[in-house]
Amino acid sequence: LTPMLAARMPPPSERKHGGFYHYLERGFLWIEHRYAQLLGWTLAHKPASMSWEEAAAVCDGGIIALACLKKADPLRGRSIVIYGASGAIGTAAVQLAKHCGADVTAVCNTKNLVRSLGADSVIDYTQDDFTKNGETYDVVFDSVGKHSFRRCRGSLRPNGIYIETDLGFMWHVPPLALVTRW
């Protein structure tokens with residue numbers, strides 16, 4: 001099920017056979033199962049110890065990371081720095097980028113975690129600033145929205161790609177200014 005729908009559904013024990021959620025769930029599961037079959041994917045059951053809310057959140061980081069990394073495709077042979085590599089989006093991005101053949105530099109403060117996920121090198125953001133170390137990358141991926149393009153452009157190689165998951169600091173100000181005009 002989609003994360004938003006799964007988070008709002010009552011647990012299976014509270015659903016009535018033949019009720020709205022029963023048919024909604026069966027319809028979505030059939031569609032997603034059929035789509036996964038066509039793509040050759042393997043589906044897994046939700047562990048009994050996991051709540052529906054927890055299950056809905058599991059795929060969030062991976063989906064966002066995949067959508068963002070598609071902007072930099074192909075990654076094979078390219079270098080990528082992932083800022084915020086120990087968060088939900090960042091951990092998925094490290095694994096996906098490595099799987100696609102990229103040379104991955106992870107920026108976070110938990111070195112052992114991202115190394116175990118496949119990062120080739122790790123920069124501790126509490127000690128070093130990747131934008132000031134002189135290294136350049138084909139792709140800069142800010143998975144937490146803490147760095148602007150302006151700050152990162154010196155770390156990009158010519159024709160490099162800057163990707164962010166957040167619109168950045170104070171992104172809401174221009175729309176608010178338009179909405180609240182007197």
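Of the contacts in the protein with a separation of 6 or more, what percentage comes from residues 24 or more positions apart? Such residues account for 46% of those contacts. Keep that in mind as you tour this predicted model.

**Start with the whole chain.** Colour the protein by secondary structure, and you should find eight helices and five strands. Follow the ribbon from the N terminus, and the elements run α-α-α-α-β-α-β-α-β-β-α-β-α. Now switch on the surface: the protein exposes about 12000 Å², with carbon and sulfur atoms supplying 58% of it. Of its 182 residues, 33% count as buried.

**Next, select residues 103–108 and 121–124.** These are strands β2 and β3, and they pair in the parallel sense over four bridges. To get from β2 to β3, the chain passes through helix α6, residues 111–117, so add that helix to your selection; this β-α-β crossover is right-handed. For a closer look at the pairing, click V107, whose bridge partner in β3 is I123.

**Now move to residues 137–142.** This is strand β4, and D138 has its place here. Is D138 buried or exposed? D138 counts as buried because its relative accessibility is 16%, below the 20% cut-off.

**Finally, show what surrounds D138.** Leaving aside residues up to four places away in sequence, D138 touches R78, S79, L156, R157, G160 and I161. Pick out R157 from that group: a polar contact of 3.3 Å joins its side chain to the side chain of D138.

Key. Residues numbered from 1 in each chain as written. Predicted model: local features only at pLDDT ≥ 70, side-chain atom pairs only at ≥ 80, totals over all residues. Heavy atoms only, no water. Pairing = 2+ DSSP bridges. Helix = DSSP H or I, 4+ residues; strand = E, 2+ residues; numbered from the N terminus. Right-handed = clockwise from strand over helix to strand, strands pointing away. Buried < 20%, exposed > 50% of the residue type's maximum accessible area, 1.4 Å probe, protein only. Polar contact = N/O pair within 3.5 Å; in protein donor to acceptor, adjacent residues only side chain to side chain. Contact = heavy atoms within 4.5 Å. Areas by Shrake-Rupley, 256 points an atom, 1.4 Å probe, with all protein chains shown as cover.
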